[in-house]
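Thanks for sharing this one with me. Here are my notes, set out point by point so that you can follow along in the viewer.

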Amino acid sequence: MGPLRSKKRRPTFRRLLKTSGMKLENKMKNRQMKQQNVAKKQRKEQKRLRQAMKGASLQMPRPLETYRKRPEEEEEEEFLDSLPTDMMDDADLEQLTAMAQKASFITRDLSSCGPVHSGKKRSADVVRGYEKVPRKMARVEEKEMIQLLPIKDKSGVIPRSMEKVKPHPKDKEEEENDEEPAETAEQQEEEGASSSYMGLTPEERERYRVHTLKMKKQRIASLASAIISDPLNNTKRMKELRGMMMESDPSVAVSVRKMVMVSLMEVFKDIAPTYKIRPLTAAEKSTKVKKETQQLREFEESLVSQYKFYLEDLEQTIKDWKQKKRKRVQAVSFQSYRGLAEVSIRCLCELLLTMPHFNFHNNIIVVLVPLMNDPLKKVSDMCCDAFKKLFQDDRMGGASLATVRVISGLVKSLNYNIKPEVLRTLLSLRIKEVEMKRDLEAMAPKKKFMTNKERKKNLSRMQRKWKKAEEKLEKELLEAEASENKEKKIKLHTETLNIVFLTYFRILKKAQRSVLLPAVLEGLANFAHLINLEFFDDLLKVLQNLIQSGDLTNRESLHCIQTVFTILSGQGEALNIDPLNFYSQLYRILMHLHAGAPNDDVTILLRCLDAMLTRRRKQVTLQRAMAFVKRLSTLSLHVLPNASVGILAANRATMHAFPKCDFLLDNEIQGSGFYLPELDEPEHCNAQNSALWELHPLQRHFHPVVQLFARHLSRGAPSDGSGALSLELCRRSPMDLFADYSVKDMTFNPAVASPPSKKKDKFVVGASLLDDELQKQVDCILKMSEDTKLDFAKARH
């Protein structure tokens, strides 16, 4: 008979198809689990076998002489020997002698009540085998051996070993003493140094200080030069140089710490790469690389860590000064914290400007932005100037966006109680130029490439091939040149501008009477051409209410007017708004401007006049323009020479935009009524019935450029002829003329020529009169006075 067939039927193909995928997956999982359980059981059995073999080796009988008795056991034996022997029965003695003859008696645990020869032990019994081994006494010293390389000869391999040399007990005590807490040792050293330093005379102290400072300078210079000369191999010296920031000698601690801060700053500026170092991934660490690559990775990792520690030290120095935190170790006096903090801030500002591409740049921004609002003016100005320069130098906009975010958060967290200088730093943002470039590039026609049909129709086969390769190359160049960078730049600048406007609108809504309002209005005037068209109506209403409230200063009102007309001259041209009220407000402010040295408001006035009269000449009436020309001419009599030049240049531009303003140069009346100079409504003051008499005294002004402009306007501001201005003066705007002829430095531009000296050193006797007859009469009278002798006594009677 053949082999028995299994009763279990194999599933057919159809049955397999009917079986769900879930069941097949469960079957595979069960099979894998069974295999894992079998392997696990085999590992457990092997482990149990190894433990049993190890326990058996420990249970081998050893001679009793190898173990010394403990002092307690010796005392116990003496006590047992002193007891009478009749206390044990004969049966007990026979049992003990029988047990002593067996080998298992030595290794058996007498406390257990189990039989002598038991079966196989469990895993717990194996662990008990360790307890059966006698303990080593503390006074028994085992020699520690070191295994050496074996020697092979004819007989075979000979193992070698040697005894490890142990240090002397005295050396151990010294090492233990050296491993005391570092703070205690440092305190003792500093106390000893300070006590010895205080015991010196003033002359000895100064000599000691000069000598120590010289040594420290040399050490700092040698470490810094070594790091810069070979950064890859001298990364450990950065740590040593950074450790000198914790100088403990009280005589030179402040000077040394300042020098180390500045030296490390210069070192990092020199050796830092021009890219951001990122941490390596697990896959990159596991892959094998060249020796040079590995060395470069280690250098970058150590550089980032040392740079991080250096920034943390600078930040901690600033925190100690701000929190007035006293150190336990008084190596540096509390009065010196301010100087150290100022040096730390200067170093951070320098790193902020020179290393915007490197790691931890955002951390530096977070540290420095709150210091812009510091009560100490020196610190605040230092940080504000650094961020202004950062905004001006930032072309892509990443650093500007990070800074604006932190400033916005600071303004909100302090409930708008910050210095106006913090918001004025935002005026240095370079968003205006980039947006203008974007508009020009969007308006420029895009280059069109030939289609496939055009190529086949107009070009040969070889020409088509060359043309295709050329167009492909041009496309790649265009993409690489501008597309990615331009899109990223526009995106960053748009986000930055949104945050700036959000900050400005928050202040206008919640803190209208704060000291931040002038800075907000100045910022809105600066970025008004970039405001979204949806906000125009609400913003114009807010600005109009602010001006009509009467709570604003002249400068703030000028900023409001500038913002309004900047909006209306840009995207707001589509709005049908007549800002007559703003014209009246500016006309009223003109006679209240400061006429002295701080004449910075004149710059804002000139910008407003350019936007209100010159650019919007089609929306302005002739009466309004003539009223402004008349009042501006009156204002030019009272202000400084550079302001007079700027205002007269603005009048020249207005007369060119409104040629009929030459009525003001005639004495005839152009209508009914008479001029009302005190009326603040330019439409109804009847300026056409007045004359520009102010130009005549201005022609005798001490400044030659003012004389030139007054003479030019009195002749009707001709573009050519004898009364025309030079080409250089014609091309310059009123704002440029105001800045060029400024008298801030107490100098005149052009320089005033000194008069020739007519004073003679001594009187020259001789013919000094041109008329000969008159000269003869004078000589005759002088000769008669010399001949006659005067008798005063006779004249007295």
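1. A word on terms before we start: two strands count as paired if DSSP finds at least two bridges between them. With that in hand, look at Met145, which stands opposite Glu163 in β2. Please keep in mind throughout that this is a predicted model.

2. Staying with that hairpin, strand β1 (residues 145-152) and strand β2 (residues 157-163) run antiparallel and are joined by six bridges. Another partner pair to look for is Leu148 with Arg160 in β2. Four residues lie between the strands, and in this hairpin Gly156 takes a positive phi near 140°. Is β1 buried or hardly covered? Hardly covered: among its eight residues, the count of buried ones is zero.

3. Now for the overall picture. The protein chain comes to 34 helices and two strands. Of its 797 residues, 31% count as buried. Among contacts between residues at least 6 apart in sequence, 69% join residues at least 24 apart.

4. Which residues of the largest nonpolar core touch the most other members? They are Tyr310 and Leu368, in a core of 155 residues. Helix α14 gives this core its largest share, 10 residues. Leaving out residues up to four places away in sequence, Leu368 touches Ile345, Leu348, Cys349, Leu352, Cys383 and Phe387. Tyr310 also belongs to an aromatic cluster, together with Phe268, Tyr307, Phe358 and Phe360.

5. Two of the residues that Leu368 touches, Cys383 and Phe387, are among the buried residues of α16. The others buried in this helix are Val379, Ser380, Met382, Cys384, Ala386, Leu390 and Phe391. If you would like to see what covers them, the list includes α13 (291-322), α14 (337-354), α15 (361-368), α17 (398-413) and α18 (420-424). The length of α16 (residues 377-393) checks out too: its 17 residues should span 24 Å at 1.5 Å a residue, and the end C-alpha atoms are 24 Å apart, so the two agree.

6. Helix α17 deserves a similar look. From its first C-alpha to its last, this helix of 16 residues reaches 23 Å, close to the 22 Å expected at 1.5 Å a residue. Its buried residues are Ala399, Ser400, Leu401, Ala402, Thr403, Val404, Ile407, Ser408, Leu410 and Val411. Just after α17, Asn415 takes a positive phi of about 60°.

7. Next, please find Thr563 in helix α24 (residues 554-569). How can we tell whether Thr563 is buried or exposed? A residue counts as buried under 20% relative accessible area, and Thr563 is at 0%, so it is buried. Leaving aside neighbours within four places in sequence, Thr563 is in contact with Leu521, Leu524, Ala525, Ala528 and Leu543.

8. The aromatic rings are worth a visit as well. A pair of rings is described by the distance of the centres and the angle of the planes. The structure holds nine aromatic pairs. In one of them, Phe565 and Phe582 meet edge-to-face, at 6.4 Å centre to centre with 80° between the planes. This pair links distant parts of the chain, with Phe565 in helix α24 and Phe582 in helix α25 (residues 580-589), 17 residues apart. Both Phe565 and Phe582 are buried.

9. Phe565 has a further partner in Tyr583. Why is this pair called edge-to-face? The ring centres of Phe565 and Tyr583 are 5.2 Å apart and the planes lie at 75°; planes over 60 degrees apart count as edge-to-face, so the pair qualifies. Here too distant parts of the chain are linked, Phe565 being in helix α24 and Tyr583 in helix α25, 18 residues apart. Tyr583 is buried, as is Phe565.

10. Last, two arginines to check by eye. The charged end of Arg624 sits over the ring of Tyr583, 4.5 Å from the ring centre. Arg631 lies over the face of Tyr587, at 3.9 Å from the centre of that ring.

Notes
Residues are numbered from 1 along each chain as its sequence is written. This is a predicted model: local features need pLDDT of at least 70, side-chain atom pairs count only at pLDDT 80 or more; totals for chains, interfaces and linings use all residues. Side-chain values use heavy atoms; hydrogens and water are left out. The expected span of a helix is 1.5 Å times one less than its number of residues. Buried means under 20% relative accessible area, exposed over 50%, partly exposed in between (1.4 Å probe, protein chains only). Contact means heavy atoms within 4.5 Å. Rings of Phe, Tyr and Trp (its six-membered ring) pair if their centres lie within 6.5 Å; planes under 30 degrees apart count as stacked, over 60 as edge-to-face and the rest as tilted. A charge sits over a ring if NZ of Lys or CZ of Arg is within 6 Å of the ring centre and within 35 degrees of the ring normal. A nonpolar core is a set of buried Ala, Val, Leu, Ile, Met, Phe, Trp, Tyr and Cys residues joined through side-chain atoms within 4.5 Å.
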